[in-house]
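Here are some exercises to work through with the model open beside you. Try each task before you read its solution.

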Amino acid sequence: MEPVPQPQNLTWPTRIFVISLLLLAIGLLIHPLGDPDVYIHLRDGRFWVENHFQVDKEPFGYTIPDKPLERVEVLFRAGIYLTYQLGGYNLLIILKAIAMTAALFFLGRLIYSRWRNLGLTALLLGLTVLAPMNRIMPERPYVITYLLLPFILILLDQYRNARAEQTQASARRLWIIPLLTIPWANCHPGFVVIFGFLGAQFLDDLFHYWRTRQPQFRKRLLHIGMISSVTLLAGALNPIGFSIYHFVITTTSSHDFMKFLTEWAPPKFAQEPFFFFILGAVWFSQLAAIRKTRLVDLIPMAAFSYLAIKSYRNMPLFLIAAMPPLAANLRFLWQRMFPMQKLSGIFRNRALLAGSALVIILLGVAALTGRAFRFGEMTHMYPARGLDWLLKHPIQGRLLTHDIWGGYTGWMTHGRIQIFIDGRFPSFGEKLYSDYRKMIWGDPRHCIPLLDHHNIQGILISPKNDIKLYQALWKSGKWALVYWDDNCLLYVRKDPQNDSLLKFFQYYAIDPKKSPYFNPARPVLALQEAKRAAEITSQAFLPRFFMGELYLKTNDPKLAEQAFQAVIDRAPNHSGAWYNLGVLALQNKQYQNAEQMFRKALKHFPRGRNKMFARTAYMLAETIKSDPHRRREAYQWAQKALKAWPAWMDAIQLIHELK
């Protein structure tokens, strides 16, 4: 077996290049907290810590009475909560970014050990981040697996390629693996992947012992066998013992609901082209360098290729397993094609310094454009203001909400609101998940009966939810809207226990999801209700937009303009508000202002067949057509309007007028 070249001491240009790459990685990995499962871990971690880990029953699974508490990932959940207590969300973000940068560093170290070429290492790491490792690196337990797995593979690489005088030292270092497995198993069940790599090492040594009968391979077989056995025992040192292996099998086995989860769905080429490019490059280079194939690389690479094709979640594990062999194969093919070609030391150093400067420039551009060093939360994704209101005006009974809001609701309300289901689908089972989908997506045949069967008293949903649910609620006559803002709507059941809420907060003339959104027979009451919603949610733009439209319908353009301007102050990209401000400016013959408003609206309307884009383009053409020097431009905008709304007679007439 040919030894892999070992890295040499790094020169100062090399160190600068490596440091600049690490800084870029940290900057890009510092981004706002937004993953919904983070709040589940924070919620459970707080519960564990506050109860001194003396808990038996599930505190948040209200749908399943006396459900046993899930005791996996205890160390991670407690740790993430204590970290939050120490430094808030920003400390979590920073530690995640450091951990994932270290994971990339370890992976880069593995790649560099196969081919001492920093340019190639940087390229392969860049492809790793694009395909799609950076998008599944949130503050969740599997970051521990992404961090520790490449570090352990470095130990295995060093053991496999050690010189005679280094054999004992590298063999002793392998005992780090079971030691790391203990905290790993208490943070994430993904620690079981290490057995695939240990098994591949065992089979590789067995093959070489069978072929050569050399005693060194027999010793390595015994050593790897002992390491694997002790690691298996170390993995059982957790609150559920050896049951963790059963937990892994049952969780990752096929479930019907898995097909609805993005991270467990198969990747598609249109969405992940870099992944499929890497997959093709890995296997093409493997076939081209078939004479240098090693079982220790081939087995994990084949296994994780299959798993990655089946599930988006497994793509990072494939990249960790496949990138080092890819570098080794590319090195072999390069040496075959260009055996004598080498770069001079001066040229290499200059190239590294130029690359460092480029990386620093990229980091600066990313920071200035808001793509790096971003802290805080993605609050627009969650119903923070709705939950604040709900805590002040609680309902008696279960609340149905989106699964991605379930953990967030439990965290923000400390479990004071009974959630029907959250994102832990395997814990709730396929039957409850099926009922959840029928209710939240509004299956007309089952929605209302299931809401009654599960005694749902409140529904907290996004305005972007499927219209079928709202239609089912309206037709039933059993539900009333009591709160709404930009992110969420809250409906409560018309039961006697909710009479106080209905008496003071029910909306009668306005509902943001209806078409039209208000009762045309009661415009005055609708305006009053829009004002009430604006007072309750001072930062929301949607009530103010409705106020502006209602002012337009009641012929009060001055108040309408004020309302639309208030929308722009809260949501600068709101295309509808810009459009209406343009219409008001045009009515006042302020043509220059009208043109500016319509152009701003056009920036934010989606292209394609969109009637609002068509109306705005048409209004812009009407605004500028009076200028003889701009009639051609007006004609072009009229054509765009017709393209967005085919057969629209107003646009056709304007085109004929401008020809």
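## Warm-up: one side chain

At 41% relative accessibility, glutamate 657 counts as partly exposed, a class that sits between buried (under 20% relative accessible area) and exposed (over 50%), using a 1.4 Å probe and protein chains only. A word on the ground rules: this is a predicted model, where local features need pLDDT of at least 70 and side-chain atom pairs count only at pLDDT 80 or more, while totals for chains, interfaces and linings use all residues. Residues are numbered from 1 along each chain as its sequence is written, and side-chain values use heavy atoms, with hydrogens and water left out.

## Exercise 1: the partner of glutamate 657

Task: find which side chain meets glutamate 657 in a salt bridge.

Solution.
- Step 1. Look for a side-chain nitrogen of Lys or Arg within 4 Å of a carboxyl oxygen of Asp or Glu, which is what a salt bridge is here. Lysine 625 fits, at 3.1 Å from N to O.
- Step 2. Place the two ends. Glutamate 657 is in helix H29 (residues 649–658) and lysine 625 is in the loop between helix H27 (611–624) and helix H28 (631–644), so the pair links parts of the chain 32 residues apart. Helices here are DSSP runs (H or I, at least four residues), numbered from the N terminus.
- Step 3. Check the burial of the partner: lysine 625 has 18% relative accessibility and counts as buried.

## Exercise 2: one arginine, two aspartates

Task: work out which aspartates form salt bridges with arginine 140, and say where the partners are.

Solution.
- Step 1. Start with aspartate 35, whose side chain meets that of arginine 140 at 3.2 Å, N to O. Arginine 140 belongs to the loop between helix H4 (118–130) and helix H5 (142–160), and aspartate 35 to the loop between helix H1 (12–29) and helix H2 (36–50), so this bridge ties together parts 105 residues apart in sequence.
- Step 2. Go on to aspartate 37, where the closest N and O atoms are 2.9 Å from those of arginine 140. That aspartate is in helix H2, and the pair spans 103 residues.
- Step 3. Add burial. Arginine 140 has a relative accessible area of 7% and is buried, and aspartate 35 is buried too. Aspartate 37, at 18%, is also buried.
- Step 4. Zoom out. The whole structure has 21 salt bridges, and elsewhere Arg43, Asp44, Glu73, Arg77 and Asp422 are linked in a network of them.

## Exercise 3: two helices against H13

Task: describe how H3 and H11 each pack with H13.

Solution.
- Step 1. Take H3 (residues 74–114) and H13 (residues 315–337): their axes come within 8 Å and cross at roughly 25°. Axes are lines fitted to C-alpha atoms over the stretch in contact, with angles from 0 to 180 degrees between N-to-C directions. That makes H3 roughly parallel to H13; the cut-offs are under 35 degrees for roughly parallel, over 145 for roughly antiparallel, 65 to 115 for roughly perpendicular, and oblique for the rest.
- Step 2. Get the hand. The crossing of H3 and H13 is right-handed, meaning the near helix is turned clockwise from the far one, whereas anticlockwise by less than a right angle is left-handed.
- Step 3. List contacts (heavy atoms within 4.5 Å). From H3, Leu107, Leu110, Ile111 and Arg114 take part, and their partners in H13 include Leu319, Met323 and Arg331. By class, this contact has 10 nonpolar, no polar and 2 charged residues. Ala, Val, Leu, Ile, Met, Phe, Trp, Tyr, Cys and Pro count as nonpolar, Asp, Glu, Lys and Arg as charged, and the others, Gly among them, as polar.
- Step 4. Repeat for H11 (residues 273–288), which packs with H13 at about 45°, the axes 9 Å apart. H11 and H13 are therefore oblique to each other, and their crossing is left-handed.

## Exercise 4: unusual phi values

Task: for lysine 589 and alanine 647, say where each is and whether it is buried or exposed.

Solution.
- Step 1. Recall the background: most residues other than glycine have a negative phi.
- Step 2. Lysine 589 has a positive phi near 60°. It is in the loop between helix H25 (575–587) and helix H26 (591–604), and is exposed at 63%.
- Step 3. Alanine 647 has a positive phi of about 70°. It lies in the loop between H28 and H29, and is exposed at 60%.
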